[in-house]
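Q: I'm new to this one and would like a close look at a single part of it. Could you pick a spot, walk me through it, and then work outwards to what lies around?

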Amino acid sequence: MASVNDWLGLNGARVLVAGAGGIGSACIEEFMAAGANVLAVDRDQARLAALGEGVVTEQVDLTSTAGCEDAVAAARERLGGLDVLVHSVGINRRTPILDTEDEDWSRILEINLTSAFKLGRAAGRVMVQAGFGRQIYCSSVSSILAHPDHGPYAASKGGINQLVRVMAREWASSGVTVNAIAPGYVDTELTKAHLDQPGVRRHYTSMVPAGRLGTVHDLTGPVVYLASRQAAFVTGHVLYVDGGRTLV
Ligand SMILES: NC(=O)c1ccc[n+]([C@@H]2O[C@H](COP(=O)([O-])OP(=O)(O)OC[C@H]3O[C@@H](n4cnc5c(N)ncnc54)[C@H](O)[C@@H]3O)[C@@H](O)[C@H]2O)c1
């Protein structure tokens, strides 16, 4: 009987994971378990140092074009090529629109959306030329729900959904698929301080039909599936991994 790793077809795959935070590092573990070779990039050296053995790392700030191009060049150099890109970089700052400063708008859009465009474009050039590739982005339920105090974040995630669709269409004939996962609230550094405020975790949990918030492990299966050979004909999708949050 074929093993799960044969089924996934990721043994020896060359995977670039951008963002070694809560979701990114859980995905890295899963890719390593599937036999892939992983390069992790993040601007935070401490996050990279905390990754398990065997993961190749490079400290990169993805806010610049050069940083994004360096990340892809490092994958080619250190892994020998690039088959899979996972973009798991993001920040948020919760403020009402009327109190949102220009700098917060620009910084959130730059890190969440512009880095996806620049990194996706650099990776896309390599993948289209190779005639194969998988790109997976982290969107959010905020891409379609109007959470208050989420103006720039929601705009960046709505932008991810459309960027994914256009890249998917442009590269489909070159064997490159592009998809996103859209999580609901998951406990990571990004959300912890907010969720830890009195009553907040209970309030969000009450809006999830599954009756709980997500964990990073709820996301790794969908990401690995989208990267796998089983998802060869799946492109341009935003997969909501949210326990039904967007149904209500
Ligand atoms: N945690 C959630 O509830 C949740 C829900 C929906 C979507 N998401 C999305 O999932 C993705 C990952 O989020 P997470 O929860 O793992 O957050 P996280 O804060 O744990 O990880 C984000 C990582 O991005 C890195 N990063 C930030 N700016 C960078 C830059 N300029 N260059 C390089 N690296 C940079 C950070 O150092 C960090 O390691 C994000 O896109 C986030 O918006 C998270």
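**A loop histidine and its surroundings**

A: Let's start with H237: setting aside neighbours up to four places off in sequence, its contacts are V164, V178, N179 and A180. Keep in mind that this is a predicted model.

Where does H237 sit? You'll find it in the loop that runs between helix 9 (216-227) and strand 7. Its relative accessibility is 47%, so H237 counts as partly exposed, as anything between 20% and 50% does. One of its partners, N179, is 58 residues away along the chain, yet the two C-alpha atoms are separated by 5.0 Å.

Another partner, V164, takes us to helix 6, which covers residues 151-171. This helix has 21 residues and reaches 30 Å from first C-alpha to last, close to the 30 Å expected at 1.5 Å a residue. V164 is one of its buried residues, and so are P152, Y153, A154, S156, K157, I160, N161, L163, M167, A168 and W171. What do the buried residues of helix 6 pack against? Their partners are helix 5 (102-130), strand 5 (133-138), strand 6 (176-183) and strand 7 (238-241).

Just ahead of helix 6 there's a small detail to look for. D149 lies in the loop between strand 5 and helix 6, and its phi is near 65 degrees, a positive value in a residue other than glycine. With a relative accessible area of 35%, D149 is partly exposed.

From helix 6 we can step across to helix 5, and from there to helix 4 (residues 65-79). The axes of helix 4 and helix 5 come within 9 Å and cross at roughly 35 degrees, and the crossing is right-handed. On the helix 4 side, the contact is made by T65, C68, E69, A71, V72 and R76; on the helix 5 side, by S115, K118, L119, R121, A122, A123, R125 and V126. Sorted by type, these residues come out as 7 nonpolar, 2 polar and 5 charged.

After helix 4 comes a loop leading to strand 4 (84-87), and D83 is found in that loop. Is D83 buried or exposed? Its relative accessible area is 13%, so D83 is buried. Not counting residues up to four places away in sequence, D83 touches A13, R14, M127, F132, G133 and R134.

Over at strand 3 (residues 56-59) you'll meet V56. V56 and L79 are 23 residues apart in sequence, with 8.5 Å between their C-alpha atoms. L79 is also among the contacts of V56, which include V38, L39, A40 and R78 once neighbours within four places in sequence are left aside.

To finish, go back to helix 9, which comes before the loop that holds H237. Helix 9 has helix 2 (residues 22-33) beside it: their axes come within 9 Å and cross at roughly 55 degrees. That angle makes helix 2 oblique to helix 9. The crossing of these two is right-handed. G22, I23, A26, C27, E30 and F31 of helix 2 meet V216, L219, T220, V223, V224 and A227 of helix 9. That contact divides into 9 nonpolar residues, 2 polar and 1 charged.

Conventions:
Residues numbered from 1 in each chain as written. Predicted model: local features only at pLDDT ≥ 70, side-chain atom pairs only at ≥ 80, totals over all residues. Heavy atoms only, no water. Helix = DSSP H or I, 4+ residues; strand = E, 2+ residues; numbered from the N terminus. Expected span 1.5 Å × (residues − 1). Buried < 20%, exposed > 50% of the residue type's maximum accessible area, 1.4 Å probe, protein only. Contact = heavy atoms within 4.5 Å. Axes fitted to C-alpha atoms, helices over the stretch in contact; angles between N-to-C directions. Left-handed = near helix turned anticlockwise from the far one by under 90°. Nonpolar A, V, L, I, M, F, W, Y, C, P; charged D, E, K, R; others polar. Parallel < 35°, antiparallel > 145°, perpendicular 65-115°, else oblique.
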